[in-house]
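Trainee: I am new to this structure. Can we go through it together, one question at a time?

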Amino acid sequence: MRVLITTRRRPRGAGHRALPDGPSGVPLVLAAPAAAALLFLVLPIVALLVRAPWTTLLARLTEPEVLAALRLSLLTSVLATLGCLVSGVPLAWMLARVAFRGRRAVQAMVRVPLLLPPVAGGVALLLALGRDGLAGSWPAAVGLSVPAPAGAVVLAQAFVALPFLVVTVEGALRACDPRVEEAATLLGGSRWTVFHRVTLPLVAPGIAAGALLCWARALGEFGATIVFAGGLSGAALTAPPSVYLGLRSDPEAAVVLSLVLLAVSVAVLTCLRDRWVNPA
Amino acid sequence: MMLDAHLVAERPPLRLDVRIRAAAGEVLALLGPGGAGKTTALRVLAGLTPPSGGHVLLDGAPLHARPAERRSVAMLLREHLLFPHLSALDNVAFGPRCHGAGRSEARRAATAWLERVGLDALRDARPRELSPVQALLVSLARSLASGPRVLLMDEPLAGLDAGTRPEARSLLRHHLSAFTGVCVLVAHDPPEAAALADRLGVIEGGVLMQEGTPAEVARHPRTGYIARLLASQAASQPGETPQGDRRRGHVRL
């Protein structure tokens, strides 16, 4: 194959204008924008690391406001992820394994929050689950509305993070041979037995990856949270809004919190490296 | 026990319409070119593909009215599809567990089945650690441990290389001889079909073209496909003539 290609290549300059090559043989017209893109991505992270108040980092991290924001973020994002797992895995299973009418439409709807600006998501949540929302008064009654900001934070995070879980798990299910499940069925397994004794263990790595992505997204949630969970005030103040507020009053605290969020991203990426960085 | 099935299914461009009958202790092999509907026929029998008509009767009782998990129909495929996350023992114990056995009871039954196929030493092995022949035997033990009345096999030996195939074939024949239910096999290799089966059914284009013992089919091939297949077999095995021995494994096409 290689021989074929080299023998068929036209001599340089015959018909095509030769582009100048960089030192490693990569055309500069490609190498330069690639380098610019990389720099653009890396420079802000470098800036964050350079400007971080490393000497006072520990003291900063243990300040009550910072701790409270981190604690609320951790609690709400974990709860949101659990909620997404409980409802999202069955939804992914339905989408991957059950041929029902309108499946394509449901698949599209599940992906909407991926592209919808989170602020608009927050408005939509408010109209659906807020006071006088479409769903009526029950969300408030069970503590999931504006009067209970932490619950509202969980809902906002779950709304934006659920697609990450569903899409990942659905992909894992599609990659797993349905005939293994059929074999389990023929051995006498009911649908539920087959699901929890065969399907779930087989897609467990996909579920773990989806949950991690979902959690990372929930942790970073800002737009929908500030709209739906009642602005930028105390009881709903997770880490990302704190960063936003802190930039005006206490820039160092904002940098410290950003650093924590960056560390979480790097940790998640490390856990997912086999799936994202080197997809087989 | 008698299996009487009229298998009708639409899988465009194929329309399957096949009537088969097989008795307990008998192995019926479905032979035919790729895409003829053999696998679809097995899937309709098993309840994995919804039929568009027909029936599946076992001793006169309508099997087609039951979902796949309650048909007592086991299936062995070319890819043995063992559960990769379970040990050989737990793979075999899966069927008994589904039928209500407790964990230790199911494991005892599974151990007995692994002993029967000679693999009790590999009880803790994961499927990926098994050789293809061992995987076939574990898969067979798993199928039989669920107590099927009908055993379906879709080219169970096709994934094996030429070196291990004769051994696997004789092992499979040995274990099948102890099976008291109905066995339906799909093959597209005539010697394999003849070695394992008591009767052959030739399916082409979704239709049963010929049925009979391997010797009968060999003597009077009714379609061009089967005649060409026999001719190519005869060319590769000169000097062997079809014989009328009905005992399993002694018939050569």
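What follows is a set of questions and answers on this predicted model.

Trainee: How far apart are the end C-alpha atoms of helix α6 of chain A?

Mentor: Helix α6(A) covers residues 118-129, which makes 12 residues. At 1.5 Å a residue, the helix should span 16 Å. The model agrees with that expectation: the end C-alpha atoms are apart by 16 Å.

Trainee: Within what arc do the buried residues of α6(A) fall, seen down its axis?

Mentor: Start with the names: the buried residues are A:G121, A:G122, A:L125 and A:L129. An α-helix has 3.6 residues a turn, so residues three or four places apart point the same way. The buried residues of α6(A) line one face of the helix, because they fall within an arc of 100°.

Trainee: Is A:V46 buried, partly exposed or exposed?

Mentor: A:V46 lies in helix α2 of chain A, residues 28-51. It helps to make a nonpolar surface patch of about 830 Å², along with residues including A:L38, A:F40 and A:V50. Buried means under 20% relative accessible area and exposed means over 50%. A:V46 has 38%, so it is partly exposed.

Trainee: Moving to chain B, which residue stands opposite B:V8?

Mentor: Look at the strands first. Strand β1(B), residues 2-11, pairs with strand β4(B), residues 53-58. The pairing is antiparallel and runs over six bridges. In β4(B), the residue opposite B:V8 is B:G53.

Trainee: And which residue stands opposite B:L57?

Mentor: β4(B) is also joined to strand β5(B), residues 61-62, by two bridges. These two strands run antiparallel. In β5(B), the residue opposite B:L57 is B:P62.

Trainee: Which residue in the turn between β4(B) and β5(B) has a positive phi?

Mentor: The two strands form a hairpin, with two residues between them. One residue in that loop has a positive phi of about 55° although it is not a glycine. That residue of the turn is B:D59.

Trainee: What is the relative accessible area of B:E155?

Mentor: B:E155 lies in the loop between β7 (150-154) and α5 (165-177) of chain B. Its phi is near 45°, a positive value in a residue other than glycine. Buried means under 20%. B:E155 is buried, with a relative accessible area of 14%.

Trainee: What is omega for the peptide bond from B:P12 to B:P13?

Mentor: Find B:P13 in the loop between β1 and β2 (14-23) of chain B. The bond that leads to it from B:P12 is cis. Its omega is near 5°.

Trainee: How far apart in space are B:E129 and B:S87?

Mentor: B:E129 lies in the loop between α3 (103-116) and α4 (132-145) of chain B. B:E129 is exposed, with a relative accessible area of 52%. In sequence, B:E129 and B:S87 are 42 residues apart. In space, C-alpha to C-alpha, the value is 9.8 Å.

Trainee: What separates the C-alpha atoms of B:A65 and B:H55?

Mentor: B:A65 lies in the loop between β5 and β6 (73-77) of chain B. B:A65 is exposed, at 61% relative accessible area. B:A65 and B:H55 are 10 residues apart along the chain. Their C-alpha atoms are separated by 8.8 Å.

Definitions and conventions: Residues are numbered from 1 along each chain as its sequence is written. Chains are lettered from A and ligands numbered from 1 in the order in which they are written. This is a predicted model: local features need pLDDT of at least 70, side-chain atom pairs count only at pLDDT 80 or more; totals for chains, interfaces and linings use all residues. Side-chain values use heavy atoms; hydrogens and water are left out. Helices (H or I, at least four residues) and strands (E, at least two) are DSSP runs, numbered from the N terminus. The expected span of a helix is 1.5 Å times one less than its number of residues. Buried means under 20% relative accessible area, exposed over 50%, partly exposed in between (1.4 Å probe, protein chains only). The arc is that of the directions from the helix axis to the C-beta atoms. Patches are made of residues with over 30% relative accessible area and no salt bridge: like charges are joined within 9 Å, nonpolar side chains (Val, Leu, Ile, Met, Phe, Trp, Tyr) within 5 Å. Accessible areas come from the Shrake-Rupley method with a 1.4 Å probe; for residues, only the protein chains shown count as cover. A salt bridge is a side-chain nitrogen of Lys or Arg within 4 Å of a carboxyl oxygen of Asp or Glu. Two strands pair if DSSP finds at least two bridges between them.
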